[in-house]
Structures are given as structure tokens and as C-alpha cells.
Amino acid sequence: MKNGLLKRVAVLSLAGALIVSPLSVSAEESADNTAASTSEVMQQESDAADPSAEMITVDMTIEYVDTAGEMAYQDIGSMELEKGSTYQDAIDKAKTVIAEPADMTTEYRFLGEWRLPYMGGDLNTTIEKSISMTFSAVYEEKLVQRHTSYYGEDGFCKTEREIINAGAGATYDSVKKLLDEVDKSGSLYDGLKFAGWHYYIMPMYETGELPGGVTNVSQTAGYSNCLVRFIINPDDPYWMDTGNVDQGAEYIQCQVVNDGTTISIPKNFEGYESVTWKETPHDYMEGSDSYTVARVSDASVADFIGTGVKEATPVPETVDVSYLFEYVDTEGNYVSTEEKSVSIEKGSTYQDAIDKVLEDGQIPADMTSEYKFLDWELPYLDDYMEMIPEEGAQTLLFRAIYDQKLVVMGSAYYNIEGYYLMENEVLAVDDNATYEDVRTETEAKDDQLAMYEGLRLDEWDYYVNEQLWDDVLPEGITPISRFASYENCMVRFIITDNPAWDAVQTDQPGGADYMECRVIEVGETVDVPEAMGSYTDIKWSSTAYGYEEGSSVYTAVEKKEWMDYAGVYDFVGMGVKQTEEPETPETPDNELPQEVIDSVVDTIENTPAGGRVSVDMGAATVVPEEALRAAKGKDVDIVLEMAGYTWTINGKDITGEDLQDIDLEVKADVNAIPKSAVDRLADGKSSKQISIAHDGEFGFTAELKIYVGNEYAEQYGNLFWYDNGKFSYITSGLVDETGYVTLKFSHASDYVIVMSKSRMSEKDIPADLKAETSDKKDKAPQTGDITDIMPYLMLLAGASLVIAAVCRKRR
């Protein structure tokens, strides 16, 4: 199959959305195809329609600008029209049946009108058959959605979409002048020379003023040289036939050449034994070892598209064995590390793997010195000399043995906020202590657990063999887990905004967006709400055991032996969050009470070197001067736990002379930095803006631990400072498995965190957005005047109360 060297852009109407796609057609064919596609969408016949019927059916789709400033599309059902009605009749009736969408933007003034944006003919034309129509919202402003296409740094065609207010009296010509300012020269494939933009708009909008509402304009980059691409993809007829060249390709190799240049056709492609070309430029001689580029226009791109046979993956000469450590750390906490792996030669034994792990210095560095460490035990490994299989190797659990018998008692219960948590406590026990002794000692302190108000503890279910209660505890660390069971019941109504929500995420940070709890007795009923807090139209996707679907009430059933979370029943759903601003609560005092400050200072002064002082800041965000002066010069970490984020300051990093109270409130997603600048810096990657309340230098260096999303675990959070329209790279940190990243700061300003799979640096900043080196040295950034606290920060505040551990009761 041949494809034209000239790559023109056709704009197809599909369900009311413009699809911009490079097609291998001539200019005449492009125009014919566009008109035909528009006609097909607007006049799609229903196979089920009865030709003799007096009524016809109109399937309706609406398009409008949503609250995110993007085009939204909704299928809203159908309406009936008399046969022989006109398109104008359809518009008139649509006004009476189409309701204004709840998520329509308020940035532009909606006139309550709907138009047919892809109807190029006379509105008085009669409709004789059932059809599909797309109705577009009419706004007072003249809006344009630009579809900007260019070949990016990876060689694939990129398409960007953005809604722009074109201004009163806007025409196609004025819009083209406006869009000429779009600059993608820094985002093109290396070597491509930008030569200007090409535009397309539906012919009926080429002259005169644009209509109210959104008009789609296609904008395609032209070049003064040529791009030749060699693309390999699996043998997928759908991929080939639909022209999805720039979606899902496994391999791409590009060359930038000038007109008339002869290039050699590559023979070898890394990772492939052979390649068969399924589509080539129209002037390529099949089977030739070379190709001479004949540039037809300034949009020239020549594609060789084929399928390949991948090289066989070599059989590894090693096997991987996973391992982890369990021990007591320097803070007295029981730690179970993340799993790591070690590679070892085939034919090795588990003892060989154990030796390699310990010889490679993988032992944790933060083990407690309170108890003398003796050795490691592997409680679940039966045969140390067993040969490691090539697949399914056993994970090695190294558990510390100390000169003191220890018990790790894990208590799972519902806390005062209604969240389910597992709380671990390390207990030192006598040599002759039994399991029963530990149970008695632990249950004597049950009144210290802050359980949800109104829940009555019935008993604890222990993960201990009934025959062991009178036995003496073994040497080393003995983990024991227990799970609270209640006499009465709690019903939780949980709302999430995340369509990908999973049930176990409810009790993890960021898992629930909103939750209400009701404590009732067995047999009592509770109303199942359709609205809670700021959420309406709630749809419950997961309901409690015994609930009759559709009922407005739920009756708490008698607890069953097999039930998880004994006595607690969950309703989980999604709702429509109201956009009205809630009443502004009274601003809480952001300073700690003096008695708390005095206690913190006293603790700092009496903490030895290498120690740690944790401060629960509650709603406070101001770090008191007295605490900073008390810590200055000492090797002591001050850990300030705030609403959804944590600051850590080591006394040796406090160097300022003029110390004073300092407000370290972090405001997330405040949009203090222009979106266009952030988008260029991020280049398609996810990002998060933050601003710090203080103005200027801290007088110390501090580490901020902040949530960016667990979907970015094992990626890097890269910190960039924004000042006077320029970016400076500051530092990078690895996002942990819970979605938190830790970054160092020494002054307050407006920042953006960009997530990426590899560490970014100064070279990732576009040249025209990069700050001068002298600027960075001579000028400290200042915090922007941002006052709105976005919902995300509120989410973090709630999530900080949840310990990310979910344990389910099992008998």
C-alpha cells in the first residue's frame, strides 16, 4: 500500500467532536471526505425506522464547555418529530427538551440556545428519516477550539486542544492571526524546521463573523525540510486500516533530511529479526535499498509502516529472589520493609541467596540499639539448601532476633474518625511470658484506644492458634494481630470522586473524599441518603450486607461469622459535587498555644543528639521562633505534622541569625503560575503547583513531605521555582509507594512539581523559560499572593488522619 508524501490534515465530524488526523489524500479528496463524513454523521439512518411512520426519531448529542474549560460531549437520548419537520423545527424543540448541564462553565455566558454546528445547508430543509444531531451550546462570546498538530520530540504526531475566547466580531482571518502566536518550535522533532501554520475550518465559517459558541479550527505545522519515519507495529489490521500510525507503535526511527536527499532504507531494527513494510511513500520503488525524498509541500512527512518479528528473548542465566526485613527501628516502631530482589546464578540454593543479601550490605541502617541484635531468622523457610526454582521462588523474610523477647501487638479497630486502622505496639516481655500473659496485659490498656464514639467493644479476635495460649513465647519477635468486634453496629456512607476507586482504598490516605458514620443497634434502621455534605444525586455502587436495592432505609442485620469488619457495614458510591462555594468558616488560629510552645521547647532542649521531636500542629502552620532557637545547632530533627503534609527541620540546618515566627502553610494547586508556562515545562507530564505562605528566606533548610498521588509511586517529583516568568530547577525526590515525595526548601515562593519516570534537571526547561544563573544566585523567590485553599488540600487534611494499613478480619 502506498501513502502520499504530502500529509494533509482532514477534519472529520464524529459525534460532534473534531478529529484531527494526518491522512494520505489529495486536497480534493480531503474536501470530499470531510463533506461526506459530516453528512454521514448528521444524516445517519436508523435501520429500525419504519418508512411508513408519521413520526421520526432524533438521537441527540450535546457539546459545551465544562467547568474545566474543555469541550464536553453527552449523549442525552432522543426526541420525536413529525415527519417532514425542518432542521429549524428540530432546533426549536431542542430548546424545550435540553437541560443546561450541571458541569457547564460559568466563565462564558450561556444564552440558553443550541445550534447545529455541522449543518452546512438550509435550516428549512425537511427531515424525512430518523437521524442523529449534535447540538452545540451558544454563548455570548465567540469561542474557538484550536486543534494544533505537529511532530513532537519523539517523532509522533501530537494534537493539542484548547478553548480560546476569540473576541467580539471574530472572523476566520482574525482567528488565524491569533493562532499564529502559538509557538511549538521548541517541541518539534530534533532538526525539523518550522515554516508556518496551515489552517482548516468548515467552509460555512470561512467568511463573515463566527457564530456564538465554539467553532473548531484545525492548525497544522508546516516545515521547510522533510521527516522520514520508519514505524513498526504488531500485525494489527485495525491499526493499519484506520491510520492510527501515531498510536501504540512499538518502534519508531526518524530521519530529518532536505528535499532531494537520498537515504538508505535501514535493514536492522533493534529488537526485531525482520520487518515487512505494509505501507510506503507513493514514489518509493518497492524492494529498493534507498529512497529519494521529493518534497511536495511544507507539510512533508514520508512514512514507512510495517510489522516486525521480534527477536527471541534470551533465557536469563540468573534468577531473582525477593526479600524483606522485619525489625524494630530507632523510634521503637516495628518495621516491615518493602520487598527488594537479588539476582543469583541458576542452580543456587536459598542459603546462597541469604549469604548474598547479607554480604551485599542490605541490612537496614535504622535498627534500634535499645535491644542487642543477635541474628536474623527466616521463619517461613523450611529448607535452606533447597535449590531455587527458575520461577516461583520463595520470598525471604529476615526477622530480627534480639537479646530480649519482643511481641508486636497489632490492634485493628475503627478510630474516632470512623477509619479502620492497624496500630502496632512493641512490647518487651519476660523470658517465661506466655501468649495469655500478653493478651491480659494488652487488654488491660484497651481504654487508651480512641475508638469511634458510640461503638461498644465486644471482644477481640486474635490470630493465634487456640492451643498456644498457655505456651511460652518463642525467642525473637512474635507478631500477634487482633481485630475488634463490636456489640452494636456502625454504618459508613463513603463518597469517592475516583472512578478507579477500590474498596480497600477507603481507609488509606486520599481513599475517601467524604464519609459519614451512623452507630445503631442490631435491628435498627438508618436512612440511606441521596445527598450528603456537598454531594447530591449519590449512586451507591457497593452496599451493605442485607440491603434491598432501591430501598431508602437499611436495617442492621445480625453479624455473621464470615463478615469482615465485624459490626461495620459500608455503602460506597459517587455523587455530583455542588459547585457553590461553602460558607467560609471562621479562620482558625494558625499559631500554637503558648503552653504547647513551652512544652515543645522543653522537649527539644532535653532531646539528645540524633533524636527526633514530633509536633502535632493541628490547624496551626506557624513555627514559633522559640522552637527554632532551641533547636539551632543541635543534631535534632523537628517533625512538624500539618494538615496533609509534614515539614522536617534539623537544628544543624538552622543558620539564620534573625530568626522569627515563620508561617510554613503549603497551599496546593493554587495556579499561581500561568497554565501555559507549566504545560510547556511539563511537556505532557503530570504536575502540581504549590505556594508557601511565608515571604522570602527561611533562615534554615527544611524537608517537605507532600502527597502527589500513589499512581506516581517509584517516579520522580521534580521541583522547579517560578519567578518573573522564568523557571529554575531546584531538586528531585522519589515518590514513595503511598504517593508522598520529600523535597528540600530554603525559601518560600511559587513552585511546580513535575512527575517523571526519570530525574529531570535544568536542561529540561525550555530555553525561553529558563532563568539566568545570576538570577538564581542573587534573587530569592517571593511567595505569590494566593489565598484560595483548593479542595485537594482539604482532601489531604482529611487523609492525614488515616493510617495506611488495612487489615480485614478472618476467622
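In this predicted model, Leu719 has Thr731 of strand S41 as its bridge partner. The pairing behind this contact is antiparallel: strand S40 (residues 716–723) and strand S41 (residues 726–734) are joined over eight bridges. S40 also pairs with strand S42 (residues 740–756), again in the antiparallel sense, over seven bridges. The points below treat this group of strands, then two open sheets, the cysteines and the chain as a whole.

**Strands S40, S41 and S42**

- Seven of the eight residues of S40 are buried, so this strand is largely enclosed by the rest of the structure.
- The hairpin of S40 and S41 has two residues between the strands, and Asn724 in this hairpin takes a positive phi near 55 degrees.
- Towards S42, the bridge partner of Phe720 is Val752.
- Strands of a sheet pair through backbone hydrogen bonds, either parallel or antiparallel. For S40, the sense is antiparallel with S41 and antiparallel with S42.

**The sheet S28-S27-S32-S30**

- Four strands form this open sheet, in the order S28-S27-S32-S30, and their pairing is mixed.
- Strand S28 (514–520) and strand S30 (535–542) are the edge strands, each of which pairs on one side only.
- From one strand to the next, the twist of this sheet averages 30 degrees.
- S30 and strand S32 (residues 568–577) run antiparallel and are joined by five bridges.
- Within this part of the model, Thr536 stands opposite Val576 in S32.

**The sheet S24-S23-S26-S25 and helix H6**

- A further open sheet of four strands follows the order S24-S23-S26-S25, and here too the pairing is mixed.
- Its edges are formed by strand S24 (420–428) and strand S25 (457–462), each pairing on one side only.
- Direction ignored, neighbouring strands of this sheet are turned by 25 degrees against each other on average.
- Strand S23 (residues 406–414) runs parallel to strand S26 (residues 477–486), and seven bridges join the two.
- Gly410 stands opposite Ser481 in S26.
- Helix H6 (residues 435–443) lies across S23, S24, S25 and S26, and runs at about 50 degrees to S26.

**Cysteines**

- A disulfide is a covalent bond between the sulfur atoms of two cysteines. A search of the whole structure finds zero disulfides.
- Cys157 has a relative accessible area of 16% and is therefore buried, given that the cut-off for a buried residue is under 20%.
- Cys226 also counts as buried, because its relative accessibility is 1% and the same cut-off of under 20% applies.

**The chain as a whole**

- The chain holds eleven helices and 42 strands.
- Of its 811 residues, 46% are buried.
- Among contacts between residues at least 6 apart in sequence, 72% join residues at least 24 apart.
- The accessible surface of the chain comes to about 40800 Å², and carbon and sulfur atoms account for 45% of this area.

Terms used: Residues are numbered from 1 along each chain as its sequence is written. This is a predicted model: local features need pLDDT of at least 70, side-chain atom pairs count only at pLDDT 80 or more; totals for chains, interfaces and linings use all residues. Side-chain values use heavy atoms; hydrogens and water are left out. Two strands pair if DSSP finds at least two bridges between them. Axes are lines fitted to C-alpha atoms, for helices over the stretch in contact, and angles run from 0 to 180 degrees between N-to-C directions. Buried means under 20% relative accessible area, exposed over 50%, partly exposed in between (1.4 Å probe, protein chains only). Contact means heavy atoms within 4.5 Å. A disulfide is a pair of cysteine sulfur atoms within 2.5 Å. Accessible areas come from the Shrake-Rupley method with a 1.4 Å probe; for residues, only the protein chains shown count as cover.
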